[in-house]
Each structure stands twice: as structure tokens, then as C-alpha cells.
Amino acid sequence: MNLLREKLHWIWKRVLQAYADYRVTVSAVAFFTIYGAVHNFLGIFDYDVREKMLIWKCFDYKAEIYGAMLPLICAAMFTESVLHYALKEKRTKVIRFCALLLAAVIAVFLSVGLSGRLFGESTYIMSVSVSTVSRWMEQCTWGYVLLLLLGTVYFCHRRSGVGFMEYMLHVLINWCAVTGVYFVLHVGIILILSIVDTLFVKSAGGTFAATGIILTTGLYYVPGCIIAMRNMESRIEDTPAKYLIRDVITGMTICALTIVYVYLLKALLLWEIPSNEIFGIVAGLFCFGMPIWMMDYYYRDDTKYMRFVRRLPYALIPLIPMQSYAIGVRIFEHGMTPDRYMGVLMVIIEIAVLLFWHFGKEKMERVLLVLCLCVVVCFLIPGINSNSLSYRWQRAFLETYYEKLLNQGSLTQTECGRLRGAYKYLKNKPEMASVVERYDIYEESFAAMLADAGIV
């Protein structure tokens, strides 16, 4: 019983610490958590009963409120991470208030733009449909949120006073501890409240259990993860996490890297084109393995195993040409899509990380700046962001091969594949509706030409 009391006291202390450092952020998380929990809890009532409740009117704009949740929380966390160290200065308080107010305005603007609720779906704003504006807003929202998260990590690291690899070790260990406690709470809440649901409420959807999980996630896990980014009190030398990272997880990444190399050797011997899946596998190995190997570098144990581990990042260098070839062939054959666009950026990020690793291990936080630049290019710059470039590329395929079949009456198998792929990609994009309608490959006369050409 004393152990349970100590653990609960430790959990409560962490929540209070998170609130002390991130008052606005944790307050916003608590508001959205309680709002979502009440919304979920009201599901125990029939629809007609809910409609008569005054509190149910609070959920008429739930789409907008949920849409503002992530941008507002991330912006508040970024603002408080930057200005936390000088909160007592009067001028800084004013700056902090203005920054948080601006964050709230931006969050509301993005949520309204995402929902498109103020306008009908057929409404046009400056010759642009509302559905198109919503898609633009969605892309801007993701770019905005990712920049805020990267900026938060950067400034938390700068304030920590330790090296980047040591900082990431602290964060990982803290997250493991928070997640372990959350997992125990998660299982216990599901066990207890599921019994209540079954015996008393007879709710097939598990309303009480789901509500309990929402409350636990928002009131404990999210604040715990936030404070994990600032808590540098964890002991990374003697903690069991040292052996988990250095031995178990590192060993697993080595096994995965070995399998990839065996596949690469097989492809070279048989002169095969690498499969579509290999790019995602290598990218996932890089995203998971490289940070682990970077953190392993902090443990300067002078053993053969650790000397081998410290050279593991260089083993990724031969895989970059294979990734470049695999993604290049797909783009050449089928054109650009947002996924392939991200693949190109991933190769650039891998090269940048390896260069930083080789020439400046003490300044690895510069990788965050490269990631910020990639986010800006991919999500925020008109004309060259992932969606814009993909739309133009696929539209060019559709128009070019459509006209070629009309004028010449034949297409190669590759050209036919590009034509069909472009049409399939664009037909579900509202902003491309007029283009798809004009170049409809399933229109009766054009479909007949495809059949006559023998490529249907």
C-alpha cells in the first residue's frame, strides 16, 4: 500500500511540475480532455435524450474545437518553452501574453478553414472552392504543427545545458518511465470500467472505459510527455534503460540492418530492381536506428562491441544510392506523388544527418534546422510543396498522353500506365475536378479508342 501511495504521489508531483512549467499548455490539454470526455460520456444516452440536453449544445462546433486543439497546444508549448526562463520579467509577461493570444487566433483561423463550415461546399472564395481552401489549410496546419514541435525540442535542448545526444537520452528514458506508468493505468482503467460498462450500463461501446482512457491520457500522459522534454534529473548512467538501449534495441537494429544488406546482395547478384517496400524499410530503419546509434555514442565504453556500434551509422551510406535509385525509378515511371516527394526529402535528410554525424557530432542539434527547412519546403511553400508539385506532374501526364492518343491513336504500355495512374490520382482531388472532367479517360468515345489501341 505504501508503494502504491508513493507511486501515486510521484505521478501527482509530475503533473504539478508540468503545470508549473507549462501552465497554459497543460490548461489547454485539460480543457480539451474534459471536453472530449464529456462528449464521449454523453454517448450513454439515446440521441433524442441528448438533443434535449442544454449541455449537448456545447458540441455543435466540436469539429472546429477539435481542429484547433493540436495547433493551440503545440503553439502554447513552444511559447512557454521559449519564454519560461524569464516569466518574472514584466515585459516578458506581455510578450508571452501576446504570443499566446496570437497562437489562439491562428488556431481558430486554421480550425475554421479546415472545417469549411462557414461556407457551403460549392462556395468559391476568390475563384477557389471551399474544399480546395480546406485542403490548403490542412497542409498548412501540419507544417505549422511540425515546425512548432521541432522548435520546442530545439529550445528545450538549448535550455537543458547538456549535449544533444545526452538530452535525447534523458527524453527517451523519461518517456519510457511515463509510458510504463500510463500502460499500467490504462490496463487498470479498462479492467475496472469495462466491468462497470458491462454490469451497470450495458454499453456495447464501452463508454465508461473510453471516457476513463481519455481522462488518463489528457490529464496524466500528455503532461508527463511534456515534462519529459525538460526533466534532466533522470540518471542515464545507472538506469536499466542504458542496457535496454545499448544492448537490446541496438542489437535489434543490427539484425534489421543485416537483413537489408542480405536483400541488397541478393538484388545485385540477380540484377533485380529493388521492391517498392525496400525504400520504406530502409527509411524506417534510418529513423529508428540512427537516433539509437547516436545515443549509444554517449556511452563511451571502450569495448569491441561499442566501437563497432559507433561505426554503425556509416553502414547506412551504401543504402542511400539504392533508395535514390528505387524512388527515382518510381518517379520516372509513375510521376510525383506526396509519398514520393517525402521519399526524396527523406534521402536528403539522411545525407544531411550523416554529414553532421561525420563532421560535427557535438552539434547534432543542427539536424533540427534541416528538418524545419524540409517541413517548410514540403508543406508551406506554394508551387513546390508536395501537393502542388504532385498535382502539376500528374496533370501533365494526363493531358500529354490524353492528347497523344487523340492525335496519334496509340500509346506504349508505360504511357498508358501513366495516363491511368494520373487519372486515378487526380479524380479524388476536388481542386482537379475540372481537369478530370475535361480529360475523362472513361468517357465513351475515348474509352473506345483505348480499346481499339489494345491497351484496355
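Visitor: Is Ile192 buried or exposed?
Guide: In this predicted model, Ile192 is found in helix α7, which covers residues 164–201. A residue counts as exposed when its relative accessible area is over 50%. Ile192 has 55% relative accessibility, so Ile192 counts as exposed.

Visitor: About how much accessible area do the residues of the nonpolar surface patch with Ile192 have together?
Guide: The patch is formed by Leu191, Ile192, Ile195, Leu199 and Phe200. Taken together, their accessible area is about 580 Å².

Visitor: Which residues form a negative surface patch with Glu51?
Guide: Glu51 is found in helix α3, residues 47–52. Its relative accessible area is 31%, so Glu51 is partly exposed. The other members of this negative patch are Asp46, Asp48 and Asp60.

Visitor: How many salt bridges are found in the whole structure?
Guide: Side chains of opposite charge can pair when their charged atoms come close. One salt bridge joins the side chains of Arg395 and Glu399, and another joins those of Lys404 and Glu415. A search of the whole structure finds two.

Visitor: What separates Arg395 and Glu399 along helix α15?
Guide: Their side chains meet in a salt bridge at 2.7 Å, N to O. Arg395 is partly exposed at 30% relative accessible area, and Glu399 is partly exposed at 22%. Because they are four residues apart in helix α15 (residues 386–408), the separation is about one helical turn.

Visitor: How many residues apart in sequence are the parts that Lys404 and Glu415 tie together?
Guide: The side chains of Lys404 and Glu415 meet in a salt bridge at 2.6 Å, N to O. Lys404 lies in helix α15 and Glu415 in helix α16, so the parts tied together are apart in sequence by eleven residues.

Visitor: Which residue of the pair Lys404 and Glu415 is buried?
Guide: Buried means under 20% relative accessible area. Lys404 has 22% and is therefore partly exposed. With 13% relative accessibility, the residue that counts as buried is Glu415.

Visitor: How far from Arg418 is the nearest side chain of opposite charge?
Guide: Arg418 is in helix α16, residues 413–426. A salt bridge needs a nitrogen and a carboxyl oxygen within 4 Å. Arg418 is buried and has no salt bridge; its nearest side chain of opposite charge is Glu415, at 5.9 Å.

Visitor: Which residue has its backbone oxygen 3.0 Å from a polar atom of the Arg418 side chain?
Guide: Arg418 has no salt bridge. A polar atom of its side chain does lie 3.0 Å from a backbone oxygen, that of Glu333.

Key: Residues are numbered from 1 along each chain as its sequence is written. This is a predicted model: local features need pLDDT of at least 70, side-chain atom pairs count only at pLDDT 80 or more; totals for chains, interfaces and linings use all residues. Side-chain values use heavy atoms; hydrogens and water are left out. Patches are made of residues with over 30% relative accessible area and no salt bridge: like charges are joined within 9 Å, nonpolar side chains (Val, Leu, Ile, Met, Phe, Trp, Tyr) within 5 Å. Accessible areas come from the Shrake-Rupley method with a 1.4 Å probe; for residues, only the protein chains shown count as cover. Helices (H or I, at least four residues) and strands (E, at least two) are DSSP runs, numbered from the N terminus. Buried means under 20% relative accessible area, exposed over 50%, partly exposed in between (1.4 Å probe, protein chains only). Lys and Arg count as positive and Asp and Glu as negative; His and the chain ends are not counted. The place of a charge is taken as NZ of Lys, CZ of Arg, CG of Asp or CD of Glu. A polar contact is a pair of N or O atoms within 3.5 Å; within protein, one must be able to donate a hydrogen and the other to accept it, and residues adjacent in sequence count only if both atoms are side-chain atoms.
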